[in-house]
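Me: I would like to work through this structure with you, one question at a time. Please reason from the coordinates and end each answer on the value or name I ask for.

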Amino acid sequence: MILSCPGSEPVLGSIISIVYMGFAMGMTLTEKIMARASGRNELRAGHIVYPQADLATIHDLYVVEADRQLTELGVERPWDPERVFVCFDHDTIPQTVAVANRARQIREIVKRWGVKYFFGPGRGQGHVFPMEIGIVKPGECVLAYDIHVTNYGAIGCLGLALVFEFPAVLATGSHWLKVPETIRIDLSGKLPRGVGIRDAAACIIHEIGPDAADYRVFEYTGEALAHLGVDARVKLCNLPIEIGAKSAIVPADDVVAEWINERNINSFEAIHSDPDAEFAETYAFNLSKMEPTVALPPRPENVAPLGEAIGVPIHAAYLGSCAADQYEDMAEAAEILRGKKLAPGVRMIVTPGSQEVLTRCVEDGLMDVFCEAGAMVGPPGCGPCAIGRGGPLADGETCIATVTRNDVGRMGSREARIYLASAATVAASSVKGEIADPRDFLA
């Protein structure tokens with residue numbers, strides 16, 4: 001069965017001309033952020049620019065290689081160490097002597113570079129905690145090595161990944177980019193009980209698909225944002241990159257302002273798309289009509305109604321990764337697990353996204369729920385999502401997880417199978433020992 005999401009047809013086609021009746025059209029949020037970063041007053045999709053990074057981010061798996069490439073270029077240190085962010089979030093606990101030696105080498109490199117923002121193991125996931133402590137702010141342009149920098153769009157920051165071109169960013173603070181088109185996604189309604197925002201985000205990427213998403217930015221708008229906090233917005237901004245989108249963003253609003261004020265972070269100037277901005281396409285989705293979903297192996301966009309996978313036996317369950325490791329995800333799973341035990345033969349790993357998330361879970365008793373159910377809790381970071389670090393899957397095993405991708409070999413053995421779902425579905429499945437509907441566990 002092919003999943004069909006409610007209200008998913010494009011409701012507005014492409015606007016071809018940027019000039020109408022002699023007046024220039026307005027700019028999208030992405031165009032505005034890239035224009036400011038490029039020192040331009042105006043930009044349009046398709047323009048080639050060299051935006052200066054407000055922040056350049058890199059994680060522990062690439063620092064040594066990046067330093068080697070810089071050395072070959074004759075560059076001793078990044079263009080501006082005050083705007084470089086490095087964190088340990090993949091290999092938070094070294095599993096071998098080689099990895100431990102690499103960690104030592106990274107610390108030496110970071111010291112030589114003079115990096116301002118360096119965080120060792122245990123601080124959290126690099127696409128999560130920088131927002132919590134104010135390193136990343138609304139309206140900024142962040143250039144990164146890791147593709148999941150799109151998470152920053154949850155607070156109105158434009159995260160753009162360059163990957164193989166990243167040494168050039170470290171050397172110069174910039175790299176050429178084509179300004180992407182923007183897809184507008186209008187959200188209405190409110191999620192039913194037992195249906196998570198991860199379900200909705202999966203439905204959205206499935207309906208839009210790789211062809212329409214390719215090198216475009218997803219911009220979320222609509223009345224539903226009023227009751228979708230930053231945690232929920234992270235899921236919306238995380239998944240599009242998996243089908244080829246360049247980034248995703250939610251305009252910073254009162255919800256974001258309140259979230260930032262709670263953390264005593266400096267205020268910001270809200271930026272929004274102009275009313276007459278040009279969007280490549282506009283889609284509308286009614287969250288009230290959403291149902292639980294599952295991404296079948298081996299592609300994250302292979303989304304189907306959860307019923308298609310109900311009853312599939314599982315060996316492992318994983319709650320975490322930058323796609324679902326915020327407090328909201330922990331609470332969603334704990335509601336299902338409270339007072340229950342994991343099914344015989346099922347192991348479950350829980351990885352909070354940051355120290356803030358871990359601390360709050362401890363204070364609110366969620367960690368007690370996980371431990372009493374029989375789950376294992378890992379240090380804040382990427383956990384098994386990163387090629388099975390800290391809990392790889394064995395040959396022939398099946399896992400239900402909230403990770404970013406379910407490619408062959410993503411979490412260990414190439415003979416394992418990974419199903420992607422919401423935190424609630426992962427928790428319900430871990431209790432039943434097979435893929436289960438979380439609504440069956442809610443009063």
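Reply: Two strands count as paired if DSSP finds at least two bridges between them. The model is predicted, and we can apply that criterion to its strands.

Me: How many bridges join β17 to β20, and which residue of β20 is the bridge partner of Tyr318?

Reply: β17 and β20 run parallel and are joined by 3 bridges, and because a pair needs at least two, the criterion is met. Within this pairing, the bridge partner that Tyr318 has in β20 is Ala401.

Me: Which residue of β21 is the bridge partner of Thr398?

Reply: Strand β21 covers residues 417–420 and pairs with β20 in the parallel sense over 4 bridges. Thr398 belongs to β20, from which Thr398 and Ile400 point one way while Cys399 and Ala401 point the other way, and all are buried. In a regular strand, side chains alternate between the two faces of the sheet. The partner of Thr398 in β21 is Arg417.

Me: What is the strand order of the open sheet of 5 strands, and which strands stand at its edges?

Reply: The open sheet has parallel pairing, and its order is β7-β6-β5-β8-β9. Each edge strand has a single partner, so one side of each is left without a neighbour in the sheet, and the strands in this position are β7 (117–119) and β9 (158–161).

Me: Which residue of β7 is the bridge partner of Val86?

Reply: Strand β6, residues 84–87, pairs with β7 in the parallel sense, and 3 bridges are found between them. For Val86, the bridge partner in β7 is Phe118.

Me: At about what angle does helix α1 run to β9?

Reply: Helix α1 is formed by residues 29–37 and lies across both β8 (141–144) and β9. Its angle to β9 is about 75°.

Me: Is Phe164 buried or exposed?

Reply: Phe164 sits in the loop between β9 and α5 (166–172). Its relative accessibility is 76%, and because the cut-off for this class is over 50%, Phe164 counts as exposed.

Me: How many residues of helix α9 are buried, and which glycine just after α9 takes a positive phi?

Reply: In helix α9 (residues 327–337), 8 of the 11 residues are buried, so the helix is largely enclosed by the rest of the structure. The elements covering these buried residues include α7 (230–238), β18 (347–350), α10 (355–363) and α12 (423–432). Just after α9, the residue with a positive phi, about 75°, is Gly339.

Me: How many residues of α12 are buried, and what covers them?

Reply: α12 is mostly covered, with 9 of its 10 residues buried, among them Ala423, Val426 and Val431. Just after α12, Gly433 takes a positive phi of about 85°. The cover of the buried residues of α12 includes β17, α9, β18 and β20.

Me: What is the volume of the largest cavity, and how many nonpolar, polar and charged residues are in its lining?

Reply: The structure holds 5 cavities of 30 Å³ or more, and the largest cavity has a volume of about 80 Å³. Its lining includes Arg198, Asp199, Glu242, Thr293 and Leu420, and α6 (197–213) and β15 (293–295) each supply at least two of the lining residues. By class, the lining of the largest cavity has 7 nonpolar, 2 polar and 3 charged residues.

Notes. Residues numbered from 1 in each chain as written. Predicted model: local features only at pLDDT ≥ 70, side-chain atom pairs only at ≥ 80, totals over all residues. Heavy atoms only, no water. Contact = heavy atoms within 4.5 Å. Axes fitted to C-alpha atoms, helices over the stretch in contact; angles between N-to-C directions. Buried < 20%, exposed > 50% of the residue type's maximum accessible area, 1.4 Å probe, protein only. 1 Å grid on protein atoms, 1.4 Å probe; cavity = no way out; pocket = protein on both sides within 12 Å on 5 of 7 lines; lining within 4 Å. Points joined across faces, edges and corners; volume = space filled by probe spheres on them. Nonpolar A, V, L, I, M, F, W, Y, C, P; charged D, E, K, R; others polar.
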